[in-house]
Structure formats: C-alpha cells, structure tokens
Amino acid sequence: MAASSAPAPAAAAPRKGETYTDTKRRDDVRGANIAAARAVADAVRTSLGPRGMDKMIASGDQAHEVIITNDGATILSRMSLLQPAARMLAELSRSQDAAAGDGTTTVVVLAGSLLRRAQSLLSAGAHPTAAADALHRLATRAVEVLHGMAIPIELSDRDSLVKSASTALNSKVVSQYSSLLSPLAVDAALSVVDPAHPDLLDLRDIRIVKKLGGTLDDTELVRGLIFDKKVSHAAGGPTRVENAKIAVIQFQVSPPKTDIEQSVIVSDYAQMDRILREERNYILGMVKKIKAAGCNVLLIQKSILRDAVTDLSLHYLAKAKILVVKDVERDEIEFVTKTLNCLPIANIEHFRADKLGHADLVEEVSVGEGKVVKITGIRDMGRTATILVRGSNQLVIDEADRSLHDALCVIRCLVNKRFMIAGGGAPEIEMSMQLASWAKELQGMESYCIKEFADALEVIPYTLAENAGLNPIAIVTELRNRHAKGEKNAGINVRKGQITNILEENVVQPLLVSTSAITLACECVRMILKIDDIVTVR
C-alpha cells in the first residue's frame, strides 16, 4: 500500500481574548529592589541587641572622619547608597528615629525579614497586591497584640523610667555606664516636662555640651547653663561674678559702620584724632548705659557683619567690672533666654533692668583641657536642662551623645504614650504566634501570606540569640514553647544565656517603639512590593 504524504497541521489559531504578557522585566525589577533592601538589612543585622557588634565608619573625603557606633540610624545615614530601594530602608530608619528615637536597627531588620518572606511568596505565585494587602492587615492586628501586652506606667514612677532608659543604653558602646547615664537622662527629661502640657516633651529644651577630658563618669546634669567657651580676657575683666545680673544682647558694642562698602581717606591728624575720640565716646556711652541698668554679665550674640566687640570696648567693660562672654551662637539664643527667663536685647536704647536675668553665680571653670563658663542658681529658671558630657576621646563623647539622645527619646515615648512592654524578643515572638493562629481562621491566599509574614517576625529573637553567641534555633524553639504555655513576658536573657521572665530582669521598652517599628516596616515593604518598574528621567 502506497504511503500518502499528509499535509502538516496548521498552527492552532489563538482563541479570542487570549493575550501573552511578558512579566519578566517586572519580576527582575522587583527582585533587584528586594535584593538591595535585604543587603542593607543584613549589613546592620549584626549590630542588633546588647551583644551586637559595632561599626567603624570612615569617610572617604579629605576630613577622614571616623565614627564608631551601633546605632542603626547613624550607620545608614552615613552609607553611600545608590539603589533607590536601599535608600528607602535608610529613610525608614530615619523615620523610626524621628517617631520613637530607639529601635532604628530593629525596624530595618524586620523590613529585611518581611522582604525575604515576600520574595518566597512571589516565587510561589502570589500576586504582589495580595501580599501587600495581607501586610496591611497584619500590621493592624500586630499593634492590637502589642497593646494587649502593654503595662501602664506613671511619670511619678521614676524606677520604671530608669529601667526603660537602661534597656536603650545596654545595646550601645557606652553600655557599661548605663547606671550613670540612665538616671541622668530621666532627671533631665522630667525637669523639662511642663505640668500644663504633661503629654509633651520637647528635646530641644535639653542641651548636651561635649567637653574632651576625664571619663564618662564625670558626665553631669547641670541645673543652669554652660557655655563651651572662655570669658573674654583681653582687658583683664572679671572671671567670677556673684549675684549676677545677666543681659543677652544682639547688638555690637563697637563703632558703627556705613551701610555700604566705602573707604574714607583722612589726611589730617587732627581729623583722625577727632574720629578716634568720637569712637571712644560712642563706646563709653554704650558701656555707661549697660552699667546704669545694673548689668554685670554680658552674653553677646555672634555677629556676621562686623566685630561684636573690640579691644577698646572690652577695656571699658573690664573697667566697669562686667564679665563678657562673646560669640554666643544664634541658634542658642532662644535656649539661653528661656533658661535665664529674660528677654534678648536688640538695641542699646532698649537696655532696661526688667530685661535682665538673675543668677547666684557666673564663673569660668576648668574642665579637662579647656575652660567653660558655668551659670548656676538661676532665679525663676525656665524648664530646660543642660548635660555636660565628658570623655577620654572624641569618638567616645560622640557615641555618648548619640546614646543619651536615644535614652531621652525613650523617655519622650513614655511621656507621649504611657505604656511599656517587655523586651528581649518577647513582643516579637508573641506577635508571631498570635498572628500565625489568626491566619488559620482566614481563607485563601491571605491566610497563606499572613502565616509567612508572621514567621518573619521571629528574626528579632533569632538575631538577638545569634549576636549573643547562643544557639538561635534552640533558644527560639524554647521561647516559642514558653509563650505557648502563656508566659507572655518570657524573653532572651543574653547575660544568663537562657529564657527568663524578662520583666523581672528589668528589660523593658516603650510601647511606642515596638508599634512604630512594626507599622513603619510593613508600610515600607508594601511600597517596595508594589513597584514593578524603574523609570529614569533625564
């Protein structure tokens, strides 16, 4: 039988309504964003917790500035990040710093873990929008879980405030001085809280003055003012004044100048003598008005256009027994006047006794290698505080400054929202377990997504154990078992290397730090997930 050659079958025509969409570019962009953001999170992950490592940040410019810190916001703000998603994590850390002041490393590590789980969800076929919506619901539910764990406190409970500040300081380079710095930060914060607005604390009312020399043990809270400069000694004026009457002036005690740049040529000696005599009389007249008002301490604002004081004016002020502190920075004037409870004087014609501040003592004292001017015993002192930070080198002083700022922010959080929760990974593991059980009540893709993201929260206790040199798998498993038995406050005790009731160990933190961290981390991850392309505009 002869074989007949049949024609090749025609290609099947596409059905009506079927189209092919290439999603490879979207997946590549999303994958690149997640990889960059996770790389940033991994970079700071080792600095989390009381046993976290520190980073040495060296600038590549001519200044060759070096910083040693484990503060997440400081590390990320100094990084040169080019990828937009990586920069988003640096801004996330800055947002946490502005909202709560502490937890800047935690929020980035949380975001990195959530992104890792999101990547596995996307690989399994989940849609980015479904994952983003699940994250939004998860954040809302997580905040409810945290509120359920919270313990109310009162500002009169000083011990609880000191415990919270100590927890913030225990993860810093200067952790061995937390017993000194914590009460100091609490006393400074409570002294500036206004009874009329008990839920507000403005950290601009607390000034930190850094002075090289001595050790951190010499750090002190000063009930008054400190200027990191010397008294003007040019004409041998006083360096100590009791029963001081202090004026803050914003005008210059020097000869006037013309409004426009011009030169005046004087060829006659008699005319030159007359000019010098007029200058002397002008300055002498100003000094007499200052003395007549009873002023014996003069704080002069730094001048840009011309010298605030001249040798001649300093000579006359010294003769009048007036102590002079010159070059007070413009941004310090508001703090100085609020502390002294006086008014700044902008013109010599407005120099009156009712605008002066009063203090028991103004003196120049030696501190370390240099000298400072200290004003104490201020009458009707405003609600401000000054902390004098000492240290053996500039790196230690700078880190103490950053650590004190974090401790003060913790107190501010407790003033704004008077609840605190246990630390040591306890809130994260409790959230993870409660959210995982809630996911079982849901259906479909949402249930699967929330289960994955709930597991991502375990990264905090896992990292705390890892950085402390413990077995993270064994520790987190035991922690999960203790929480399953109803021990909500069980956490990782890195000193003892085991699970204990972390409240009894005084490891506590403000509720606002944890709620802010989970909310901001979820918001940032949602935004990264919903990006499907990068458009470059020239």
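In the predicted model, a count of salt bridges between side chains comes to 26. One of these joins Lys-172 to Asp-71, with a distance of 3.5 Å from N to O. The pair connects distant parts of the chain, since Lys-172 sits in the loop between α6 (158–169) and α7 (178–192), whereas Asp-71 belongs to the loop between β2 (66–69) and α2 (72–78), 101 residues apart. Lys-172 and Asp-71 are both buried.

Two further salt bridges are formed within helices. In the pair of Arg-402 and Glu-399, the closest N and O atoms are 3.0 Å apart, and the two residues are separated by about one helical turn because they lie three residues apart in helix α11 (residues 394–416). Arg-402 has a relative accessible area of 19% and therefore counts as buried, the limit being under 20%. Its partner Glu-399 is likewise buried, with a relative accessible area of 2%. In the second helical pair, Asp-455 and Lys-451 form a salt bridge in which the closest N and O atoms are 2.9 Å apart. Both residues are found in helix α13 (residues 444–456), where a spacing of four residues corresponds to about one turn of the helix. Lys-451, with a relative accessibility of 34%, is classed as partly exposed, because this value falls between the 20% limit for buried residues and the 50% limit for exposed ones. Elsewhere, Asp-71, Lys-172 and Asp-406 are joined into one network by salt bridges that share partners.

At the level of the whole protein chain, the domain assignment gives two domains, of which domain 1 is made up of residues 22–152 together with 422–530, and domain 2 of residues 224–380. The C-alpha centres of domain 1 and domain 2 are separated by 54 Å.

The largest pocket encloses about 680 Å³ of space. Its lining is formed by 42 residues, and those nearest the centre of the pocket are Gly-49, Pro-50, Thr-167, Leu-464 and Gln-509. Several helices and strands contribute at least two residues each to this lining, namely α4 (104–123), α6, α11, α12 (426–439), α14 (459–467), β15 (490–493), β17 (508–510) and α16 (511–529). By residue class, the lining of the largest pocket consists of 18 nonpolar, 17 polar and seven charged residues.

Apart from the open pocket, the structure contains one cavity of 30 Å³ or more, and the volume of the largest cavity is about 40 Å³. The residues that line the largest cavity are Ser-232, Ala-234, Ala-235, Gly-237, Leu-314, Leu-317, Ala-318, Ile-322 and Val-324. Helix α9 (residues 311–319) provides the largest share of this lining, with three residues. Seven of the residues lining the largest cavity are nonpolar and two are polar, while no charged residue takes part.

A polar contact between a side chain and the backbone was also found at Thr-386, a residue of strand β13 (residues 385–391). A polar atom of the Thr-386 side chain lies 3.1 Å from the backbone oxygen of Gly-224. Thr-386 is buried, with a relative accessible area of 0%.

How values were computed. Residues are numbered from 1 along each chain as its sequence is written. This is a predicted model: local features need pLDDT of at least 70, side-chain atom pairs count only at pLDDT 80 or more; totals for chains, interfaces and linings use all residues. Side-chain values use heavy atoms; hydrogens and water are left out. Domain bounds come from an automatic or database domain assignment. A salt bridge is a side-chain nitrogen of Lys or Arg within 4 Å of a carboxyl oxygen of Asp or Glu. Buried means under 20% relative accessible area, exposed over 50%, partly exposed in between (1.4 Å probe, protein chains only). On a 1 Å grid over the protein atoms alone, a cavity is a set of points where a 1.4 Å probe fits but cannot get out, and a pocket is an open set with protein on both sides within 12 Å along at least five of seven lines; lining residues have an atom within 4 Å of a point. Grid points are joined across faces, edges and corners, and a volume is the space filled by probe spheres set on the points. Ala, Val, Leu, Ile, Met, Phe, Trp, Tyr, Cys and Pro count as nonpolar, Asp, Glu, Lys and Arg as charged, and the others, Gly among them, as polar. A polar contact is a pair of N or O atoms within 3.5 Å; within protein, one must be able to donate a hydrogen and the other to accept it, and residues adjacent in sequence count only if both atoms are side-chain atoms.
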